[in-house]
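Me: I would like to go through this structure with you. Could you show the chain before we start?

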Amino acid sequence: MSGTIDTILSRRSVREFTKEKVSREDIETILNAGRWAPSGLNNQPWKFIVIQNEETMKKMEDCTHYWKIIRSAPLLIAVFLDQENMYNRTKDIQAVGAAIQNMLLACCEMGLGAVWLGEILNNKEKVNLILSCPGSMELMAVLAIGHPLQKSRGSARKELKEICFEEKFAENWR
Ligand SMILES: Cc1cc2nc3c(=O)[nH]c(=O)nc-3n(C[C@H](O)[C@H](O)[C@H](O)COP(=O)(O)O)c2cc1C
């Protein structure tokens with residue numbers, strides 16, 4: 001099995017972190033993984049804000065029910081769709097999703113923990129104010145990242161036969 005498949009299968013959301021900071025080199029590796037995601041017409045419709053400042057983190061805590069995760073994390077990466085750089089909303093959002101997954105996988109491979117925070121989108125206008133975003137920036141997710149507190153983490157997925165079909169929807173994958 002390739003290293004990539006192993007990383008895909010072993011990645012789990014991590015929601016508790018040690019106090020150790022993430023090095024600038026590691027942050028750059030994560031950002032590079034994000035920017036090398038595919039995008040339609042290679043338009044790269046994403047923007048990333050790296051957040052480590054304690055005061056800013058505190059303000060971000062007030063934007064989500066998942067504030068405990070933000071309090072625990074030494075690093076946030078806010079991911080935006082740059083609406084000035086769009087060509088097709090559906091495809092552009094898909095591309096941003098690919099960039100997010102690339103960053104999560106990079107974290108996993110580097111031994112870092114990360115979780116994709118989406119609930120915070122309920123307060124995306126507030127986040128935009130906190131981060132001084134131009135009007136064209138639409139928040140897509142916030143990634144909370146850090147060194148994982150050791151804990152075994154489980155997760156589950158639907159079976160292939162529930163979600164996959166052969167040739168036509170009527171024929172389940174066996
Ligand atoms: C679009 C999206 C939004 C999510 N939002 C949150 C969130 O707000 N808070 C949270 O703790 N996890 C969030 N997650 C993480 C999921 O809960 C997690 O990926 C899922 O339960 C599967 O677990 P696993 O990542 O460990 O395999 C989100 C994931 C996605 C893809």
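**Chain, sheet and core**

Reply: This is a predicted model. Of the contacts in the protein chain with a separation of 6 or more, 77% are between residues 24 or more positions apart.

Me: How many helices and strands does the protein chain have?
Reply: The secondary structure comes to seven helices and four strands. From the N terminus on, the elements run α-α-β-α-α-β-α-β-α-β-α.

Me: What radius of gyration does the protein chain have, and what would a compact globule with 174 residues have?
Reply: The protein chain has 17 Å, and a compact globule with 174 residues would have a value near 16 Å, so the two agree. Along the principal axes, the C-alpha atoms fill a box of roughly 55 × 40 × 30 Å. Buried residues make up 28% of the 174 residues.

Me: On to the sheet. What is the order of the strands?
Reply: The sheet is open, its four strands have the order β1-β2-β4-β3, and the pairing is antiparallel. β1 and β3 are the edge strands, each pairing on one side only. On average, neighbouring strands are turned by 25 degrees against each other, direction ignored.

Me: How many bridges are there between β2 and β4?
Reply: There are eight bridges, and the two strands pair in the antiparallel sense. Within this pairing, isoleucine 77 has leucine 143 of β4 as its bridge partner.

Me: And which helix packs on the sheet?
Reply: That is α5, which touches β1, β2, β3 and β4. The direction of α5 makes about 160 degrees with that of β2.

Me: How many bridges join β3 to β4?
Reply: Five bridges join these strands, which run antiparallel. One pair consists of alanine 114 and its bridge partner in β4, isoleucine 145. β3 is mostly covered, with four of its five residues buried.

Me: Back to α5. What span should its 21 residues have?
Reply: At 1.5 Å a residue they should span 30 Å, and the end C-alpha atoms of α5 are 30 Å apart, so the value agrees. After α5 comes glycine 111, with a positive phi near 85 degrees.

Me: Which residues of α5 are buried?
Reply: They are Asp92, Ala95, Val96, Ala99, Ile100, Met103, Leu104, Ala106 and Cys107. Their cover includes α2 (24–35) as well as β1, β2, β3 and β4.

Me: What about isoleucine 93, which also has its place in α5? Why is it classed as partly exposed?
Reply: Isoleucine 93 has 15 other C-beta atoms within 10 Å, so it is partly exposed; a buried residue would need 20 or more, and an exposed one would have 12 or fewer. Isoleucine 93 and valine 79 are 14 residues apart in sequence, and their C-alpha atoms are 11 Å apart in space.

Me: Now the largest nonpolar core. Which of its residues touch the most other members?
Reply: Of the 40 residues in this core, they are Leu76, Val79, Leu143, Ala144 and Ile145. The elements that give two or more residues to the core are β1 (46–51), α4 (67–72), β2 (75–82), α5 (89–109), β3 (113–117) and β4 (137–146). In soluble globular proteins, nonpolar side chains tend to be buried together.

Me: What does alanine 144 touch?
Reply: Leaving out residues up to four places away in sequence, alanine 144 touches Ile69, Ile70, Ala73, Leu76, Ala114, Val115 and Leu117.

Note on methods:
Residues numbered from 1 in each chain as written. Predicted model: local features only at pLDDT ≥ 70, side-chain atom pairs only at ≥ 80, totals over all residues. Core = buried A, V, L, I, M, F, W, Y, C linked by C-beta atoms within 7 Å. Contact = placed C-beta atoms within 7 Å. Pairing = 2+ DSSP bridges. Axes fitted to C-alpha atoms, helices over the stretch in contact; angles between N-to-C directions. Rg over C-alpha atoms; globule rule 2.2 N^0.38 Å. Expected span 1.5 Å × (residues − 1).
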